[in-house]
Structure formats: structure tokens, C-alpha cells
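Visitor: I should like to learn how to read the features of a protein model. May we go through one together, beginning with the terms?

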Amino acid sequence: MWKSFVREYLRFSKKERYGILILVVFMIGTCYSPDLLFFFQRRMPVADSSDLKAAVLAYEAGIPKTNNTASAEPAAAALFYFDPNALSMGGWQQLGVSERTAVTITRYLANGGHFRTAADLAKIYSLPPALCARLMPYVRITGRREERYSGRYEKAGGDRHYGPYHKDSGYHNFAPRNGDSSFTRYRKKAAPAVIDINTADTLAWQTLPGIGPGFARRIVSFRDRLGGFYAVEQVGECYGLADSVFQKIQPFLQIGNSSLIKLDLNLTDEKSLAAHPYIRYKLAHLIVQYRSAHAGFKGIAELRALPLVDEIIYRKIEHYIEIKH
């Protein structure tokens with residue numbers, strides 16, 4: 001069996017044997033061709049570069065030598081004491097500042113800029129740091145407005161007072177000007193007024209602490225969908241209203257004599273019942289099924305027979321339902 005298998009699958013003709021031999025030779029040559037190329041390339045004669053070296057030396061000999069370590073900054077000029085707020089563009093150039101930087105400084109002063117200290121020179125980006133450090137000891141700023149920094153001012157009678165900043169104190173103390181002792185810097189916000197939670201509009205709600213336009217609209221919308229509030233604690237059930245905010249506004253909430261809007265259990269359709277926040281869709285569907293099977297509700301207490309109505313739910317919705325006979 002094995003002999004027939006070998007004869008069938010491993011028997012090659014003369015042309016096939018030649019083809020296999022050529023393929024093997026080609027594969028071996030391909031594997032070793034990079035080594036052969038590197039071997040012959042390494043033995044290639046190197047071109048003579050003496051002429052190139054001579055040309056480079058001759059070119060370098062014709063270039064004048066320069067000091068590569070020389071600083072890119074201009075030569076040190078004769079320094080003198082100066083006021084940066086009054087120095088002209090020519091004076092800046094005499095100090096060693098480039099013309100472009102001098103123009104920049106002149107424009108800065110023309111647009112209302114002012115050097116208050118010698119350290120302000122470092123704010124000029126185009127001024128080299130080394131030159132800036134060399135110029136700072138020569139800065140002499142004259143005509144400074146000391147009153148602006150100390151906060152002093154003098155009245156017509158010559159009495160000296162202190163303004164917003166007291167120079168001799170260890171802290172910045174606020175004091176009224178012109179002897180006006182009735183002036184107060186901060187005024188305490190007046191306490192909000194008490195509002196009726198069933199009649200207050202969004203503007204009235206916004207007067208309470210922590211209530212903005214968004215929460216004001218949300219509370220009014222929740223009240224309208226309920227049909228009115230029967231207790232102040234219901235405001236805290238508004239979606240997103242934090243308990244800490246409710247505790248702040250609770251002292252300013254009260255309930256007036258307004259009546260609640262009630263739903264008739266036997267006449268209100270399922271969609272209207274489901275729109276009430278305390279009833280929703282599943283309970284509305286059960287109410288409709290129960291009244292269809294029992295020919296309507298005879299009393300409100302029959303809601304306790306529904307599976308979804310526990311004591312908490314019943315106490316909530318009993319204020320908003322009725323049965324008209």
C-alpha cells in the first residue's frame with residue numbers, strides 16, 4: 001500500500017526534476033545574495049579623496065576668521081541713570097537697546113503704559129535678559145504717585161486721611177472717605193418675604209434663597225400638574241430640589257385658602273389620570289379596569305382594593321380625587 005502511495009504522489013518526470021533543481025538553486029542564491037553583495041562591496045577600492053580635502057582646505061583659508069563666541073548682543077554702551085517713562089527713543093538706543101525694541105517701548109508709553117519699578121523692564125519681551133539686568137541698576141523713576149499706592153489724599157484744609165489702603169497698618173483696612181460715616185461697603189440682603197405656595201408665580205419663587213429661574217418654573221409646573229399643594233412639605237418633592245435648599249426656603253412658605261383641583265374617579269379618562277404625578281400610568285389603568293368591572297366607584301375608600309395602592313399612596317391621592325354622584 002505504501003509503495004503504491006509513494007509511486008503515485010512522489011514520482012516525478014525528468015522535466016519536473018530539472019524544475020525542482022533549478023528552484024532549489026534559486027532559493028539558495030536568494031538567501032545568500034545579501035552576504036555576497038556585502039562581501040564584494042567591501043572589497044571595492046575606495047576613491048581617492050585627497051583632491052577633495054585639498055579643495056576644502058583652500059576654501060577655508062580664504063574665509064576671514066570670526067570670533068564664534070562673540071555675543072549676539074550689541075556692544076556694551078556707556079550706561080547712565082535714566083527714567084524709563086521719560087527717555088526718548090534715541091536715549092534707549094544709546095543704552096544699547098535695538099531700534100526695534102526702542103520703538104516698541106515708545107509705543108507702549110504712548111498708549112498709556114507706565115514703568116512703576118525697575119523690574120518692569122523684564123516685561124519687554126524683545127529686550128535681552130542680559131541687557132535688562134545691566135540696565136536695571138540705572139533706573140531712576142521720578143514723579144511717582146505715592147498717593148496712589150498708599151491710598152492717601154488731602155482735603156482742602158490740609159488734614160491727611162487714609163483711603164482704601166492704610167499704609168502704616170499691617171492689613172488693608174477699609175475706611176469711608178470725606179468723613180461720611182454713614183457709608184457702608186457691604187449691605188446685607190433683605191430677608192425674603194413669605195409667599196403662598198399655591199398662588200406664587202415664578203418671580204416670587206426666585207426671591208427665595210437657592211431658587212433660580214429653572215427651579216421656579218419646575219416648582220410651578222409640578223404644582224399645576226398636581227392641582228395645587230395641600231402641604232408645604234410637597235414642595236420638597238419637586239424633582240432635583242435638594243433637601244438643603246428646601247430647608248432654607250421652608251420658613252418662607254405658607255398655604256393660603258386656595259382650593260385643590262380634584263379628579264372624578266368615575267368620569268376622568270385614563271390619560272388624564274395618568275398625567276397626575278401621584279397616579280401615573282399603571283395605577284390609572286387599574287382604576288379604569290376596576291370601575292369598568294364594578295360599574296364605577298361607590299366611594300373613595302375602594303381604591304384600597306387596588307394592588308398598587310398602599311397606605312402612603314392612598315394618603316397622597318385622596319386629596320386630589322372625588323366621586324360625583
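Guide: Let us begin with helices and strands: helices (H or I, at least four residues) and strands (E, at least two) are DSSP runs, numbered from the N terminus. What you see is a predicted model, in which local features need pLDDT of at least 70 and side-chain atom pairs count only at pLDDT 80 or more, while totals for chains, interfaces and linings use all residues. Residues are numbered from 1 along each chain as its sequence is written, and side-chain values use heavy atoms, with hydrogens and water left out.

Visitor: How many helices and strands does the protein have?

Guide: The secondary structure comes to 13 helices and 6 strands. One of the helices, α9, covers residues 213-226. Just after α9, Gly 227 takes a positive phi of about 100°.

Visitor: Which residues other than glycine have a positive phi?

Guide: Two cases may be given here. Arg 280 has a phi near 65°; this residue lies in helix α12, residues 280-293. Ala 295, also not a glycine, has a positive phi of about 60°, and its place is in the loop between α12 and α13 (311-317).

Visitor: How should I read the words buried and exposed?

Guide: Buried means under 20% relative accessible area, exposed means over 50%, and partly exposed lies in between (1.4 Å probe, protein chains only). Arg 280 is partly exposed because its relative accessible area is 38%. Ala 295, at 71%, is exposed. In the protein, buried residues make up 26% of the 325 residues.

Visitor: What span does helix α9 reach, and what span is expected?

Guide: The expected span of a helix is 1.5 Å times one less than its number of residues. Helix α9 has 14 residues and reaches 20 Å from its first C-alpha to its last, close to the 20 Å expected.

Visitor: Which residues of α9 are buried, and why do they count as being on the same side?

Guide: The general idea is that an α-helix has 3.6 residues a turn, so residues three or four places apart point the same way. In α9, the buried residues are Ala 216, Ile 219, Val 220, Phe 222, Arg 223 and Leu 226. They lie on the same side of α9 because they cover an arc of only 160° around the axis, the arc being that of the directions from the helix axis to the C-beta atoms. On the other side of α9, Arg 217 and Asp 224 are exposed.

Visitor: What do the buried residues of α9 pack against?

Guide: They pack against α8 (202-206). Contact, in this reading, means heavy atoms within 4.5 Å. A further example is Cys 238, which lies in the loop between α9 and α10 (243-249) and counts as buried because its relative accessibility is 4%. Leaving aside its neighbours within four places in sequence, Cys 238 is in contact with Arg 218, Ile 219 and Phe 222. Cys 238 and Phe 222 are 16 residues apart in sequence, yet their C-alpha atoms are 6.6 Å apart in space.

Visitor: How many salt bridges are there, and how is one recognised?

Guide: Side chains of opposite charge can pair when their charged atoms come close. The rule for a salt bridge is a side-chain nitrogen of Lys or Arg within 4 Å of a carboxyl oxygen of Asp or Glu. By this rule the count comes to 5. One of them joins the side chains of Asp 224 and Arg 223, at 3.9 Å from N to O. Asp 224 counts as exposed at 52% relative accessibility, whereas Arg 223 counts as buried at 10%.

Visitor: Where do Glu 311 and Arg 315 lie, and how far apart are their closest N and O atoms?

Guide: Both lie in helix α13, 4 residues apart, about one turn of the helix. In their salt bridge, the closest N and O atoms are 2.7 Å apart. Glu 311 is partly exposed at 38% relative accessibility, and Arg 315 is partly exposed at 42%. Arg 315 also forms a salt bridge with Glu 318, with the closest N and O atoms 3.5 Å apart. Salt bridges that share partners join Arg 304, Glu 311, Arg 315 and Glu 318 into one network.
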